Amino acid sequence: MTRSTEGARADYLWDAGRSRSIAEALDPVLAEIREVLGADAAMVVYRPNPAAGEARVLAVSTAGAVDPLLPNEPLVFGDVLPRHRPQVLVDLDVASTVRELRLRLHSAVTVPWRDAFGAGTVIVGNLARPLPPASERQLQARCTRRVSAAVRCGRREGGRRMGADLRAALSEVADATASSDDAGSALAAILVSARDLFGSEVAYLSLPEYDTETFTFDQVLGIRTAQFRHLRIDLGQGLGGLARSVQRPVRSLDYASDARLHAAPVAETVREGIVSAMAAPLLLDEQVKAVLYIGDRHLHPFSQTDEELLGEFAGYATLGLKRRAVEQHRSAVVARQERERLAFAVHDNVVRRLLEIGFEAEAAAQRGDEDLRLRMAVIGSAAEQCMDALRGQLMMLTGEHRPRRAAQVLEEITDVQRATGVRRTSESWGRGPTTSSPEPSPTRSCGSGRRRW
């Protein structure tokens, strides 16, 4: 199959980006067919040339009791679908290849159709009862031309939508690039525009660290977990490493079970909640200078058209980037991340030890004489002052000047081991973020020792 210079926007096979035009064009046709035949489910599946290619759903209409398949979802069938004439099938299994979803149609009618790019099949069936007699003739009469016409109309409308969305996204990137020489701002605009182009829940960008082998995440949108933000990805590792290896966009519909991905950070990705994702390399002077990711926390059956659209966006979006500016931004990112790693290491090792000193001093003061209590009080106060001073230095080191929340402090306190038989009660006083009352509200956590923070 050949494509025009318009790339993914011309004669595309599947819905992509925010467009669901093919499914929308087929929905009323399938709903009418299902109603006329009194069927539980009606769907259109499509397989591009060659015929051995993957079959996907173009659109589906189901009764309320049937868990619907998604547009673009890849399928496998228990029987070989007829290619030349309508046929009645018994106990037809239809299963998704990316999730645990299977439909067994006790009675089904299939009507094949073709266009210039591949072969499609209309499938109408019931879960537990036979279809009416002569259903294949009724179905053929109603859908042979209407389905193919609806697909053509949906593709034209989808191409128009995708073209408009792509132009709007590239316009935003061009404005950011033209108004500033700051590579960080330009990359941020690329990230936001890519997320909006596909309507995705998350988007993130990785840059090379000290060499071209290891990339580290820089800017993120919608990411919640620190473990994911601090990932380092080697060449060939995970989805981004695969995109760098093949130097083109790649997609994963179910990241956690994608057998193509080598040494993928599955645990961190599952903890973040990402199910489906795509990645595309950003090339400058034929070198990968960054990797752009988009993803969703639900199954999103990205298609080949999505890959082409992301690749087209990435290719045009990098035109305004200057190599020297990107290198300077990368160096600044690496330096910042080194400071953050140092700060976190110091915090984990020193601040927790100071907490232990303070609590042990309190515990000893509760059991000693007056002189010992005074000395332990001095030790506890000195530990607290050292901890506050150290936190201030760490915040300056990382550039983080946000006030610490009580929950963060209490989490650190309760993580510190306590002596056997000693209780700890921590209190935090202050106005909560959502309360309008001027009265302070305490937060308590039971453990060992007692100190007000």
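A salt bridge is a side-chain nitrogen of Lys or Arg within 4 Å of a carboxyl oxygen of Asp or Glu. The model used in these exercises is predicted.

**Exercise 1. Salt bridges in a network**

Task: Find which residues are linked with Glu24 in a network of salt bridges.

Solution. Start at Glu24. Its network also includes Glu157, Arg160 and Arg161. Then turn to the total. By the rule above, the count comes to 15 salt bridges.

**Exercise 2. The barrel**

Task: State the order in which the six strands close into a barrel, and how they pair.

Solution. Step one: the order is E1-E2-E3-E4-E5-E6. Step two: the pairing is antiparallel. From one strand to the next, the twist averages 45 degrees.

Step three: look at one pair. Strand E2 covers residues 55–62 and strand E3 covers residues 74–77. Two bridges join them. Arginine 56 has proline 74 in E3 as its bridge partner.

Step four: add the helix. H1, residues 21–37, lies across E1 (41–48), E2 and E6 (118–126). Helix H1 runs at about 55 degrees to E2.

**Exercise 3. From helix H1 to helix H2**

Task: Determine which elements the salt bridge between glutamate 32 and arginine 146 links, and classify the exposure of each residue.

Solution. First, the distance: N to O is 3.1 Å. Next, the places. Glutamate 32 sits in helix H1, and arginine 146 sits in helix H2 (residues 135–179). They are 114 residues apart, so the pair links distant parts of the chain. Last, the exposure. Glutamate 32 has a relative accessible area of 28%, so it counts as partly exposed. Arginine 146, at 33%, is also partly exposed.

**Exercise 4. Loop to loop**

Task: Decide whether aspartate 40 is buried or exposed, and find where its salt-bridge partner arginine 129 lies.

Solution. The closest N and O atoms of aspartate 40 and arginine 129 are 3.5 Å apart. Aspartate 40 is in the loop between H1 and E1. Arginine 129 is in the loop between E6 and H2, 89 residues apart from aspartate 40. Buried means under 20% relative accessible area. Aspartate 40 has 14%, so it is buried. Arginine 129 has 40% and is partly exposed.

**Exercise 5. A buried pair**

Task: Explain why the salt bridge between arginine 251 and glutamate 307 ties together separate parts of the sequence.

Solution. Begin with the contact: the closest N and O atoms are 2.8 Å apart. Arginine 251 lies in strand E10 (residues 250–252), and glutamate 307 lies in helix H7 (residues 304–317). The pair therefore ties together parts that are 56 residues apart in sequence. Finish with the surroundings: both arginine 251 and glutamate 307 are buried.

How values were computed: Residues are numbered from 1 along each chain as its sequence is written. This is a predicted model: local features need pLDDT of at least 70, side-chain atom pairs count only at pLDDT 80 or more; totals for chains, interfaces and linings use all residues. Side-chain values use heavy atoms; hydrogens and water are left out. Two strands pair if DSSP finds at least two bridges between them. Helices (H or I, at least four residues) and strands (E, at least two) are DSSP runs, numbered from the N terminus. Axes are lines fitted to C-alpha atoms, for helices over the stretch in contact, and angles run from 0 to 180 degrees between N-to-C directions. Contact means heavy atoms within 4.5 Å. Buried means under 20% relative accessible area, exposed over 50%, partly exposed in between (1.4 Å probe, protein chains only).
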